[in-house]
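Hi,

Here is the structure I said I'd pass on to you. Have a look at it first, then read my notes below.

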Amino acid sequence: MPFANATDLASPYFQLFGKAKRLHWDPADIDLSADRDQWRLIVRDYQRERYAEQIRRLCAFFAAGEESVTNTLAPFLAAVPRGELGLDKEFHLAAQLYEEAKHYEFFARYFNEVFGESPAVAAAELTPAPQAVLVDDLNAVTDRLRRAEGREAVRHAFLEAVTHYMGAVEAMLARTGYVGAHDALASRGWLPGLQEGFRLIRRDEGRHVAFGIHVVREMCADEPHLRSLVQDTFERNLPNVLGTIQAFGIYDTPIVDLGKLTAFALGAYEQFMGAAGLAAIDATGLETELDADG
Ligand SMILES: [Fe+2]
Ligand SMILES: [Fe+2]
């Protein structure tokens, strides 16, 4: 009965879908007029610290990442019936795909209206580590999911893809990056429209990470032989995840606290390991934060 849980309103995936509906927002509504004026001053006044270059680079990474995750989520939805994974997961994934498209829309607007550039320039900013984890390897893992045949192969590919997408990309990088970037701007009182976009996107990413934690916990509990797949997928991606954060280590005065962000990313990794039953840690801390996010 693969669709038996479709109407189970207590399902965590169905509850995430409900939160997505309640917390709807529109990137087109965010006022960027103050950002446009402030941006010119940041470019002019902080050349030695290269703050404008760092903010633009952060936004380029986020824009390219959001474009990539929007491109690669469809195979997850198509896998749900083939892997008999439960229609409630598809409810969440449908909302997530809509949200990833909105996140990309926000950055496309920001490049156009504040930086005065096409968002198409973002992809060229990616150094090898983010290019691998955010784009090339994510494409490869979701392509394996697209091609998987048979219930067991689809479930295997689904868990691998969830670990990469919701674990390495969203929990370790996106959520970490949005927290760090929002804090860096808020502490300086800079770019209120960008702060607001970061805040709202981070809230969505919390639900996407929660989905990943639930899937890893559920599938590893049902099929413990899948635990090593979670571990292998994280270990394969760790160098590029950490390399992506360190892409901001080239600056003498980094606008984000790289040590704090690295620790935050590794904390998310440990919580996924705990959800998989691979570490003596439970995911309560992360889940408390995710619940607090709405
Ligand atoms: Fe996103
Ligand atoms: Fe996301």
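**What I found**

Let's begin in helix α6, where Pro-130, Val-133, Leu-134, Val-135, Leu-138, Val-141, Thr-142 and Leu-145 are buried. One thing to keep in mind as you read is that this is a predicted model. Those buried residues of α6 pack against α3 (51-72), α4, α7 and α9. The helix itself has 20 residues and spans 26 Å between its first and last C-alpha, close to the 28 Å expected at 1.5 Å a residue. Along the way, α6 bends by about 40° at Asp-137.

**The whole thing**

Now zoom out. What does the secondary structure come to? You'll find eleven helices and zero strands, so going along from the N terminus every element is an α. The radius of gyration is 19 Å, close to the 19 Å that the globule rule gives for 294 residues, so the protein is as compact as a globular protein of that length. If you draw a box along the principal axes, the C-alpha atoms fill roughly 60 × 35 × 35 Å.

How much of the protein is buried? The figure is 47% of the 294 residues. Contacts also reach across the chain: taking those between residues at least 6 apart in sequence, 77% join residues at least 24 apart.

**How confident is the prediction?**

The mean pLDDT is 93, and 93% of the residues reach 70 or more. Among the elements, α4 has the highest mean, at 98, while helix α11 (residues 284-292) has the lowest, at 61.

**The core and helix α7**

In soluble globular proteins, nonpolar side chains tend to be buried together. Here, the largest nonpolar core has 84 residues, and the ones with the most contacts inside it are Ala-63, Phe-158, Val-169, Val-216 and Phe-272. Which helix gives the most to this core? That's α7 (residues 151-188), with 18 residues.

Try clicking on Val-216. Leaving out residues up to four places away in sequence, Val-216 touches Val-162, Thr-163, Val-230, Phe-272, Ala-275 and Ala-276.

Back to α7, since there is more to say about it. Why is α7 described as largely enclosed by the rest of the structure? Because 29 of its 38 residues are buried. From first C-alpha to last, α7 reaches 52 Å, close to the 56 Å expected at 1.5 Å a residue. There's a kink of about 50° in α7, centred on Glu-170. Right after the helix comes Gly-189, whose phi is positive, near 70°.

**Helix α9**

Helix α9 (residues 227-246) has 20 residues, and its ends are 29 Å apart from first C-alpha to last, close to the 28 Å expected at 1.5 Å a residue. Where is its kink? Look at Leu-238, shortly before the proline Pro-239: the kink there is about 45°.

The buried residues of α9 are Val-230, Thr-233, Phe-234, Asn-237, Val-241, Thr-244 and Ile-245. An α-helix has 3.6 residues a turn, so residues three or four places apart point the same way. On the other side of the contact, the buried residues of α9 pack against α6 (128-147), α7, α8 (192-222) and α10 (258-275).

**Two loop residues and an arginine**

Most residues other than glycine have a negative phi. Glu-84 goes the other way, with a positive phi near 50°, and so does Leu-191, also with phi near 50°. Glu-84 is found in the loop between α4 and α5 (87-115), whereas Leu-191 has its place in the loop between α7 and α8.

Are these two buried or partly exposed? The cut-off for buried is 20 or more other C-beta atoms within 10 Å. Leu-191 counts as buried because it has 25 C-beta neighbours inside 10 Å. Glu-84 is partly exposed, because there are 13 other C-beta atoms within 10 Å.

Last, Arg-82, which is found in helix α4 (residues 74-82). Arg-82 is partly exposed, with 18 other C-beta atoms within 10 Å. Arg-82 and Ile-201 are 119 residues apart in sequence, and from C-alpha to C-alpha they are 30 Å apart in space.

Have fun turning it around on your screen!

Conventions:
Residues are numbered from 1 along each chain as its sequence is written. Chains are lettered from A and ligands numbered from 1 in the order in which they are written. This is a predicted model: local features need pLDDT of at least 70, side-chain atom pairs count only at pLDDT 80 or more; totals for chains, interfaces and linings use all residues. Helices (H or I, at least four residues) and strands (E, at least two) are DSSP runs, numbered from the N terminus. The radius of gyration is taken over C-alpha atoms; the globule rule is 2.2 Å times the number of residues to the power 0.38. A residue is buried if 20 or more other C-beta atoms lie within 10 Å of its own, exposed if 12 or fewer, and partly exposed in between; C-beta atoms are placed from the backbone. Two residues are in contact if their C-beta atoms, placed from the backbone, lie within 7 Å. A nonpolar core is a set of buried Ala, Val, Leu, Ile, Met, Phe, Trp, Tyr and Cys residues joined through C-beta atoms within 7 Å. The expected span of a helix is 1.5 Å times one less than its number of residues. The bend at a residue is the angle between axes fitted to the seven residues ending there and the seven starting there. pLDDT is the predictor's confidence in each residue, from 0 to 100.
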